[in-house]
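The following exercises treat burial, aromatic pairs, helix packing and backbone conformation. Each task is followed by a solution in steps.

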Amino acid sequence: MGVVMGTFSMQTKQVGFRKDKVEDDLEMTTVCHRPEGLEQMEAQTNFTKRELQVLYRGFKNECPSGVVNEDTFKQIYAQFFPQGDASMYAHYLFNAFDSAHNGSVKFEDFVMALSILLRGSVREKLSWTFNLYDINKDGYINKEEMTDIVRAIYDMMGKYTYPVLRRDAPRQHVDAFFQKMDKNKDGVVTLDEFIMSCQEDETSCDPCSSLRV
């Protein structure tokens, strides 16, 4: 989960979405347009109405149409990892944001995910991360999916990763992940196994932790 939280923390800081920036941003400019159902989103998320207004302004600055497709999402995400290729990881992340599975991410999708990742309960964060790793959305994480995620992280980290990694590192990291996670040794990891393992050892659910081995 650390790789998810880490990238989101960096992004929200760089685009001015930090909590401690909300008041300053609102004093500097007035939001001219706000989405419908702002009160409803406030009730469904862990953000205040004023924070949602600031988030919406930033979202509209990056995506004037109010909707993000995958190509645009990849271009925005790539800005945070200029030293590597973030396209594959951005693809998986986009699919996790795209709750309707219609090839686009609306502001509501963005805010709901951000609310969970930044201010959700531990179980909510772990459930969201599990959904990210469960690429084919069948309710399980298998070794092929985890290998794809780990390789995408390596590509994203670029020059900060490859010089210190052996060629068999992805397989070793995936094996270590399943050794900890797959409690009944049936070759797949369920949501319950994932949550239980992460609560026992936070590094278990963070593929990035294995990069430090």
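**Exercise 1.** What percentage of the residues of the chain count as buried?

*Solution.* The model is predicted, so local features need pLDDT of at least 70 and side-chain atom pairs count only at pLDDT 80 or more, while totals for chains, interfaces and linings use all residues. Residues are numbered from 1 along each chain as its sequence is written, and side-chain values use heavy atoms, with hydrogens and water left out.

Step 1. Apply the classes: buried means under 20% relative accessible area, exposed over 50%, and partly exposed in between (1.4 Å probe, protein chains only).
Step 2. Of the 213 residues of the chain, 46% fall in the buried class.
Step 3. For the overall fold, the chain holds 11 helices and four strands; helices (H or I, at least four residues) and strands (E, at least two) are DSSP runs, numbered from the N terminus.
Step 4. Taking contact as heavy atoms within 4.5 Å, 62% of the contacts between residues at least 6 apart in sequence join residues at least 24 apart.

**Exercise 2.** Classify the ring pair of phenylalanine 73 and phenylalanine 97, and place the pair in the chain.

*Solution.* Step 1. Rings of Phe, Tyr and Trp (its six-membered ring) pair if their centres lie within 6.5 Å; planes under 30 degrees apart count as stacked, over 60 as edge-to-face and the rest as tilted.
Step 2. The search of the whole structure yields 13 aromatic pairs.
Step 3. Phenylalanine 73 and phenylalanine 97 have ring centres 5.8 Å apart and planes at 55°, so the pair is tilted.
Step 4. Phenylalanine 73 belongs to helix H5 (residues 70-78) and phenylalanine 97 to helix H6 (residues 87-97), so that the pair links distant parts of the chain, 24 residues apart.
Step 5. Phenylalanine 73 and phenylalanine 97 are both buried.
Step 6. For tyrosine 77 and phenylalanine 81, centres 5.4 Å apart and planes at 35° again give a tilted pair; both residues are buried.
Step 7. These four residues are members of one aromatic cluster, which also includes Tyr89 and Trp128.

**Exercise 3.** Describe how H6 packs against helix H8 (residues 122-133), and H10 against H11.

*Solution.* Step 1. Axes are lines fitted to C-alpha atoms, for helices over the stretch in contact, and angles run from 0 to 180 degrees between N-to-C directions.
Step 2. The axes of H6 and H8 come within 9 Å and cross at roughly 125°.
Step 3. H6 is therefore oblique to H8, given that angles under 35 degrees count as roughly parallel, over 145 as roughly antiparallel, 65 to 115 as roughly perpendicular and the rest as oblique.
Step 4. Tyr89, Tyr92, Leu93, Ala96 and Phe97 of H6 meet Trp128, Asn131 and Leu132 of H8.
Step 5. Helix H10 (residues 169-181) and helix H11 (residues 191-200) have axes that come within 9 Å and cross at roughly 95°, which makes H10 roughly perpendicular to H11.
Step 6. In this contact, Phe177, Lys180 and Met181 of H10 meet Glu193, Phe194, Ser197 and Cys198 of H11.

**Exercise 4.** Is histidine 101 buried or exposed?

*Solution.* Step 1. Histidine 101 lies in the loop between H6 and strand S2 (104-106).
Step 2. Its relative accessible area is 58%, so histidine 101 is exposed.
Step 3. Histidine 101 has a positive phi of about 55° although it is not a glycine.
Step 4. Most residues other than glycine have a negative phi.
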